[in-house]
Amino acid sequence: MTVAGKMPMTSKPAELNYDGHKIEFQVTEGSEGERGIDINKLRDATGLVTIDNGFMNTAATSSAVTFLDGEKGILRYRGYPIEELAEKSTFIEVSYLLLYGELPTATRLKWFEGQLAKHSDTKEGIKTIIKAFPKEAHPMGIASAAVVALSGFYPEYSEGHLTEAQKDEVFPLLMAQLKNIAAYQYRASQGKDLVDAQPKKFDYVTDFLFQMTGKDVDPEVSKALNILLILHADHEQNCSTSSVRLVGSSQANVFASISAGVDALWGPLHGGANQAVIEMLQEIQADGGDYKKFILKAKNKDDNFRLMGFGHRVYKNFDPRAKIIKKACDTILEKLKIKDPLLAIAKGLEEEALKDQYFVERKLYPNVDFYSGIIYKALNIPTNMFTVMFALGRLPGWEAQWKEMVETPSIKIGRPRQIYVGSTERHYQAITERK
Ligand SMILES: CC(C)(COP(=O)(O)OP(=O)(O)OC[C@H]1O[C@@H](n2cnc3c(N)ncnc32)[C@H](O)[C@@H]1OP(=O)(O)O)[C@@H](O)C(=O)NCCC(=O)NCCS
């Protein structure tokens with residue numbers, strides 16, 4: 001099934017006056033009124049390229065998957081507000097929505113769950129790879145290696161071009177496999193036997209928790225994890241999704257592309273922030289709990305310290321996911337009767353930062369990672385696994401974006417330009433002549 005995205009419409013052209021010449025560029029407009037200047041012909045017409053450090057101002061693609069308005073704090077998957085999906089849907093339903101563009105009917109949902117179940121066994125070779133890692137290895141490194149290794153075990157899906165029928169198999173396959181990989185690496189790191197999936201007995205999220213612990217799962221814990229995974233499921237052209245698209249644009253296979261997404265997500269400025277937040281809160285706690293001292297550190301330009309879980313490239317008002325997570329955090333801690341002193345530190349830190357000029361002027365607000373770590377901790381998920389949980393949530397988004405990209409006619413390989421600032425031409429010297 002192909003999702004047909006609405007093509008951007010043309011509105012008034014933009015003009016560039018440079019060096020005595022006037023050049024016109026087409027302006028395209030998206031379905032929510034976002035406009036972009038199409039500069040594809042700029043270099044041919046003028047010899048100029050654009051410079052856009054960190055892609056702050058570059059739309060790398062048009063997309064029909066996720067809409068985000070950072071000023072208004074809006075996030076919608078396929079048009080559905082994140083608040084409604086978090087309250088009423090499940091992670092599997094949302095995954096289907098991202099991949100196929102519509103919420104599933106009962107029949108389609110059953111089919112999708114059947115596909116997940118069909119691919120829920122993991123090859124012995126992948127289990128061996130996971131077990132071969134040292135116990136203290138980071139779960140993101142293991143996840144990335146195991147995902148790309150799948151390409152060797154499923155050569156039938158390891159081409160850049162896949163048929164519709166192959167895509168219908170490989171996307172649930174990857175979801176079923178990453179769930180197993182995440183649970184297996186945890187068990188292996190604890191020196192415990194691996195617990196295989198039981199898709200006939202449990203839903204996807206409950207199954208993951210069962211595979212991690214080998215014990216019955218509290219439905220409240222499963223519900224809380226469902227919400228977290230829904231909130232992480234897609235976020236349009238962020239660092240990891242752009243990595244998936246960039247790698248995929250070379251027609252690398254889907255396993256290689258998704259593995260690149262896992263790698264990009266690992267960094268503390270992206271998905272790794274959830275682990276960094278808990279470590280920061282624990283550092284504040286160990287230091288006596290004086291969060292004001294850490295606010296001063298974050299403001300000090302001579303200090304590398306940043307308030308982890310604060311700030312966002314696109315949200316400049318509030319992160320709608322953070323609002324939902326903060327509420328979910330209170331609810332789950334109350335339901336599980338947990339009193340976590342880190343929550344009090346987090347709330348104090350947030351309150352203090354939100355009234356501080358430094359954070360107000362720079363529009364720095366808590367992001368999705370600020371409270372998610374406290375929930376993961378309450379669900380007994382170890383700190384070094386937080387980012388792999390984010391990857392599990394983000395996987396259907398990466399898949400939907402990869403699918404959209406490969407289904408776009410005339411897609412080009414991603415290949416930015418540069419402004420060269422190195423040495424001008426010089427000539428080779430024999431080693432005896434070098435100073
Ligand atoms: C998310 C993030 C990478 C966005 O970065 P960005 O859009 O490139 O913004 P910049 O890094 O240019 O920051 C803009 C200004 O705010 C400051 N700033 C941004 N985030 C900050 C933070 N968490 N703590 C303290 N200062 C921060 C920067 O120092 C900069 O100040 P300046 O204008 O005086 O130089 C950044 O806010 C950050 O590092 N946050 C912490 C990590 C995190 O939580 N990541 C998860 C994102 S979901």
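Begin with the whole protein chain in a cartoon view, where 18 helices and eight strands can be picked out, and keep in mind throughout that this is a predicted model. Along its principal axes the C-alpha trace extends over about 75 × 65 × 55 Å. The radius of gyration is 23 Å, which agrees with the value near 22 Å that a compact globule of 435 residues would have. Buried residues account for 40% of the 435 residues, and among contacts between residues at least 6 apart in sequence, 71% join residues at least 24 apart.

**Colour the domains**

Next, colour the chain by its domain assignment, which gives domain 1 as 9-74, domain 2 as 78-269 + 384-406, and domain 3 as 273-378. The centres of domain 1 and domain 3, taken over C-alpha atoms, are separated by 35 Å. Where these two domains touch, six residues come from domain 1 and seven residues from domain 3, and the side belonging to domain 1 divides into two nonpolar, two polar and two charged residues.

**Select 14-25**

Now move to strand S2, residues 14-18, and to strand S3, residues 21-25, which run antiparallel and are joined by five bridges. Within this pair, Glu15 has Glu24 of S3 as its bridge partner. The two strands form a hairpin with two residues between them, and Asp19 in the turn has a positive phi of about 55°. Is S2 buried or in the open? Of its five residues the number buried is zero, so S2 lies largely in the open.

**Select 66-81**

A further stop is an open sheet of three strands, paired antiparallel in the order S6-S7-S8. Strand S6 (66-69) and strand S8 (80-81) are its edge strands, each pairing on one side only. Between S6 and strand S7, residues 74-77, there are four bridges in the antiparallel sense, and Phe67 can be found standing opposite Arg76 in S7.

**Find the ligand**

Then display the ligand together with the 17 residues that surround it, of which the closest are Ala273, Arg306, Phe310, Gly311 and Arg313. By class, this shell is made up of eight nonpolar, five polar and four charged residues.

**Select helix H17**

From there, turn to helix H17, residues 369-378, in which nine of the 10 residues are buried, so that the helix is largely enclosed by the rest of the structure. Among those buried are Phe370, Tyr371, Ile374, Ile375 and Tyr376. Which helices do the buried residues of H17 pack against? They pack against helix H9 (219-232), helix H12 (273-286), helix H14 (320-335), helix H15 (341-354) and helix H18 (386-406), so it is worth showing these alongside H17.

**Finish with three backbone turns**

Most residues other than glycine have a negative phi, and the last selections depart from that pattern, beginning with Asn380, which follows H17 and has a positive phi near 65°. Lys337, which is not a glycine, has a positive phi of about 55°, and this residue lies in the loop between H14 and H15. With 6 C-beta neighbours inside 10 Å, Lys337 counts as exposed. Lys363, likewise not a glycine, also has a positive phi of about 55°, and its place is in the loop between helix H16 (357-361) and H17. Lys363 is partly exposed, with 14 other C-beta atoms within 10 Å.

Technical notes. Residues numbered from 1 in each chain as written. Predicted model: local features only at pLDDT ≥ 70, side-chain atom pairs only at ≥ 80, totals over all residues. Near = placed C-beta within 6 Å. Nonpolar A, V, L, I, M, F, W, Y, C, P; charged D, E, K, R; others polar. Domains from an automatic or database assignment. Pairing = 2+ DSSP bridges. Rg over C-alpha atoms; globule rule 2.2 N^0.38 Å. Buried ≥ 20, exposed ≤ 12 C-beta atoms within 10 Å, placed from the backbone.
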